[in-house]
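Got your viewer open? Let's take a short walk through this one, selecting a few pieces as we go.

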Amino acid sequence: MGPLAGLTIIEIAGIGPGPFGAMLLADMGANVIRVERPTGGLFADQQTNPKLDVLNRNKRCIGVNLKDPAGVDTVLKLLEQADGLLEGNRPGVMERLGLGPDVCLERNPKLVYGRMTGWGQEGSFANEVGHDLNYTALSGALHAMGRAGEKPAIPLNLVSDFGGGGLMLAFGMVCALLEAKTSGKGQVVDAAMIDGAATLMASSFAAFQVGFWSDERGTNILDSGSHFYEVYETADNKYVTIASVEPQFYAALLEKLGEDAGPFQNQWDMAGWPAMKVKMEEIFKRKTRDEWNAFFDGADICYAPVLSMSEVRHHPHHQARGTFVDDGDVWQPAPAPRFSRTPGEIQRDPANLGEHSTEILQEFGFDDAEISAVIAAGAVKQA
């Protein structure tokens, strides 16, 4: 059932970090009900296999026209019995729809109201448009990523959308839901991607202030500046990683390199790092990735091959742990983290638009006449 079984969360459908945060809650057993516009989401027409809409796994879906007062009233009635609401609109949108925090908390004082935005609910950028790359840039994280002399490297949309966004939102929701169990009072969770991205940089900011970290990217221990924390190309044009930071791991690396270890004796000779990296690049080009896998097998040097998306689920470690779930049609990461007694699981495929509308309304106490009326009026869509 998962550790969040018994909680009901109403998700106002959006894209990216909001659905991801709601997926995390649903994976852990929360009853997540996705409120989707009757015309469908942004990617509805592009979805060739609905099961690939993995951010909406483990959720049920009700189609609601939030521009119709009857649709808004339907959602408010759902919220009267819910534990939380989660939305990812720009500031002011929910208020204009009649579903702002004040209205919802008046209906249900115990409600936890989660808000996912890029810039936050206030601040000089609050009403500006943006995407992950913009938030990562303003947080200070993007500047630190990349190689010396090159422009910053784009870290997919993992930093702000998913790490600093959806994951922080889910964490904030769980914190507020736990507090509400004690206080009996709900509250608003303002999860801004810009805040989350900055929080992920906490240790880096501290290292910079004590002089351990340079503001010049690509010159530091963890940003490709060092020869012992790096990605190296192999003879077959694939890549491997070493992260031999601690002295015992570095010593093990030198031991494995044998007669090639001579140029690398002074690990912390930062002036010598560029030359040592050139030498290390030459060494790694001598073998294929698989040959390096065999060479370093069992050695305590902090080594791993770089796996492509087509390879990753087949790796023996992932196979042993069940990191990915593969039903023969769609493969996807299994719920994380893991629990010894109440594990999360994938219980249902992503729902079609309005697939559970009637079922959900019945569960929340709507009678047949009310259900027929809102569907006939177009306020609710039943697939």
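**Stop 1: cysteines**

Search the whole structure for disulfides (pairs of cysteine sulfur atoms within 2.5 Å) and you get zero. Before going on, some housekeeping: this is a predicted model, where local features need pLDDT of at least 70 and side-chain atom pairs count only at pLDDT 80 or more, while totals for chains, interfaces and linings use all residues. Residues are numbered from 1 along each chain as its sequence is written, and side-chain values use heavy atoms, with hydrogens and water left out.

Now pick cysteine 175, which is partly exposed at 37% relative accessibility. Buried here means under 20% relative accessible area, exposed means over 50%, and partly exposed is in between (1.4 Å probe, protein chains only). Cysteine 302, at 33% relative accessibility, also counts as partly exposed.

**Stop 2: H1 on H6**

Select 17-27 for helix H1 and 158-183 for helix H6. Helices are DSSP runs of H or I with at least four residues, numbered from the N terminus. How are the two arranged? Their axes sit 8 Å apart at an angle of about 45 degrees. Axes are lines fitted to C-alpha atoms over the stretch in contact, with angles from 0 to 180 degrees between N-to-C directions. H1 and H6 are therefore oblique to each other; angles under 35 degrees count as roughly parallel, over 145 as roughly antiparallel, 65 to 115 as roughly perpendicular and the rest as oblique.

Show the side chains at the contact (heavy atoms within 4.5 Å). H1 brings Pro17, Phe20, Gly21, Leu24 and Leu25, and the H6 residues include Phe162, Leu167 and Met173.

Is H1 enclosed or open? 11 of the 11 residues of H1 are buried, so H1 is largely enclosed by the rest of the structure. Step just past H1 to glycine 29, which has a positive phi near 105 degrees.

**Stop 3: H6 on H7**

Keep H6 and add helix H7, residues 193-200. These axes come within 8 Å and cross at roughly 100 degrees, which makes H6 roughly perpendicular to H7. On the H6 side, look for Val159, Gly164 and Met168 among the contact residues; on the H7 side, Met193 and Leu200 are among them.

**Stop 4: tryptophan 268**

Finish in the loop between helix H9 (247-257) and helix H10 (273-284), where tryptophan 268 is found. Its relative accessible area is 44%, so tryptophan 268 is partly exposed. Leaving aside neighbours within four places in sequence, tryptophan 268 contacts Ile221, Phe228, Val245 and Trp273. For a distance label, try the C-alpha atoms of tryptophan 268 and serine 226: 8.8 Å, with their positions 42 residues apart along the chain.
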